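Q: I am new to this structure. Please show me the model, and then I will ask how its descriptions are justified.

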Amino acid sequence: PPRSDVHYFGAGPAPLPTSVLERASQALLSYKDSGVGLCEISHRSGDANQILADAKAAMTTLLDIPEDYEILFLQGGGSGEFSAVVYHMVSLWVEKRRIRAQEDLTVAIADGKTEGPLEQKVFQRLKQEVDEELKLDYLVTGSWSLKASQEAARLVGAPHVNVALDARTENDGQFGIIPPESTWKLTARTREGGPGSAMVYFCDNETVDGVEFPSFPESLQACPEDAVDDDAPMVIADMSSNFISRKVDVSKYSVIFGGAQKNVGNAGVTIVIVKKSLLPPTANLAKPDLLRKLNLPVGPIVFDWPTIAKNNSLYNTLPIFDVWIAGQVMADLVQTCGSKKIAGQQEVSDEKAKLLYGTLDRYPQVYRVVPHQSVRSRMNICFRVAGGDEQKEKAFLAGAEKRGLMGLKGHRSVGGIRASNYNAVTLDSAKLLAKYLEDFAQGV
Ligand code: PLP
């Protein structure tokens with residue numbers, strides 16, 4: 001069928017605006033009428049640099065990203081950042097602790113309270129602190145934050161991972177709720193002589209389970225003005241599947257990251273928004289030799305944010321076509337949203353989500369939305385048909401396909417139905433889906 005007859009609700013890779021794809025097909029053949037296609041030009045050319053600068057500018061405008069944040073483009077997907085986050089935050093934590101230990105012990109030796117050699121003493125104290133106190137806090141609210149926490153455990157060892165919240169425990173072993181903040185078991189924030197946990201990590205929107213944080217969890221205190229000298233934990237958020245779909249106060253985060261392939265662009269490029277004070281020259285990072293001696297991981301250079309930042313995301317070959325797509329998607333949003341910026345897109349996203357959930361809720365005898373009302377994702381609408389009856393769900397999907405409503409099958413790990421409501425899904429497509437939901441429920 002022609003593209004115009006298909007309404008695609010896939011979870012990622014996900015639909016892209018047709019207008020962007022039309023421009024892309026031309027750019028692939030001949031970028032700016034040069035006779036050379038966009039996948040063929042050097043990532044170090046002037047054109048490539050301009051594409052990168054334009055994409056950053058559009059993102060900065062849309063999300064009001066403050067000047068003290070750096071935008072990085074990398075490869076490796078959201079999963080690559082599960083690891084990069086750990087490498088970087090552990091390195092920052094270790095170096096802060098090392099500096100503190102060095103200062104304390106220098107004074108202690110000068111005062112005759114202990115004996116040198118200083119370097120050995122510092123290492124002993126650091127080793128003990130790493131063994132006993134290095135913690136990475138994870139809020140596990142769905143499959144992706146679970147995976148991120150598992151990657152942290154694989155890299156640094158399970159004792160260093162503090163699952164401050166496992167949302168399954170009070171929900172029959174299933175994801176679908178976010179228990180109150182008062183129940184989260186975050187590592188104590190401050191401590192005499194250094195930071196507490198190296199970071200607090202959460203996934204803003206859980207793509208598989210349809211669980212979205214309604215807003216910034218306020219008990220994770222805002223990223224302090226100078227996070228390096230402060231003992232507050234770093235707040236890290238995975239926004240892979242709700243990037244640029246609502247207003248975000250970027251200043252509350254140390255790091256926001258996401259793969260492009262849902263709301264922003266196509267698979268192949270990952271975006272990291274990181275507070276500059278967490279990068280050199282402001283921040284000090286532990287030297288690889290020290291990390292190795294402490295049995296802590298040293299990450300691959302392509303995931304090393306300081307290296308990527310220093311090289312304007314061009315340390316190695318960046319897929320410029322992917323950056324161009326993301327840039328075009330965001331530049332179009334800047335145009336259509338006007339002065340409302342991303343709040344303009346948020347209105348549309350909310351309207352579509354309200355329409356679909358509203359329709360599902362009208363037929364409780366047929367549909368059951370999986371996550372609790374308070375944490376329903378605006379992006380990934382997960383529900384069961386006829387209590388999860390396999391034949392009925394198959395029939396639902398087959399009927400949908402007949403109407404050109406595609407990509408509605410739930411993630412293989414949880415089953416059911418998932419309608420992904422990303423930015424490129426038009427209001428018209430959402431209305432057609434709502435109509436099908438009604439017709440199916442009424443047995444039409
Ligand atoms: N985080 C979230 C919320 C996701 O939805 C996904 C993928 O769907 C990932 C991380 C992993 O991304 P990638 O496949 O790009 O590694």
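Q: Which domains does the domain assignment of the chain give?
A: This is a predicted model. Its domain assignment gives domain 1 (69-321) and domain 2 (341-441). The centres of the two domains, taken over C-alpha atoms, are 34 Å apart.

Q: What makes up the contact of domain 1 and domain 2?
A: Domain 1 supplies 20 residues and domain 2 supplies 23 residues. They count as in contact because C-beta atoms lie within 7 Å. On the side of domain 1 that touches domain 2, six residues are nonpolar, nine polar and five charged.

Q: Why is the set with Met89 and Val90 called a nonpolar core?
A: A nonpolar core is a set of buried residues of listed types, Met and Val among them, joined through C-beta atoms within 7 Å. The largest such core has 98 residues. Met89, Val90, Tyr201, Val255, Val323 and Met330 touch the most other members. Helix H3 (residues 77-110) gives the most, with 12 residues.

Q: Which residues is Val323 in contact with, leaving aside neighbours within four places in sequence?
A: Val323 is in contact with Ile51, Leu52, Ala55, Phe73, Val269 and Leu318.

Q: Which residues does the second, separate core include?
A: This core of 26 residues includes Phe9, Ala14, Ala353 and Ile381.

Q: Where does UniProt list "domain: Aminotransferase class V"?
A: The unreviewed UniProt entry lists residues 8-93 and 195-428. Over residues 8-93, the chain is 55% helix and 8% strand. The end C-alpha atoms of that stretch are 44 Å apart.

Terms used:
Residues numbered from 1 in each chain as written. Predicted model: local features only at pLDDT ≥ 70, side-chain atom pairs only at ≥ 80, totals over all residues. UniProt positions renumbered as here; feature names shortened; annotations may be inferred. Helix = DSSP H or I, 4+ residues; strand = E, 2+ residues; numbered from the N terminus. Buried ≥ 20, exposed ≤ 12 C-beta atoms within 10 Å, placed from the backbone. Contact = placed C-beta atoms within 7 Å. Domains from an automatic or database assignment. Nonpolar A, V, L, I, M, F, W, Y, C, P; charged D, E, K, R; others polar.
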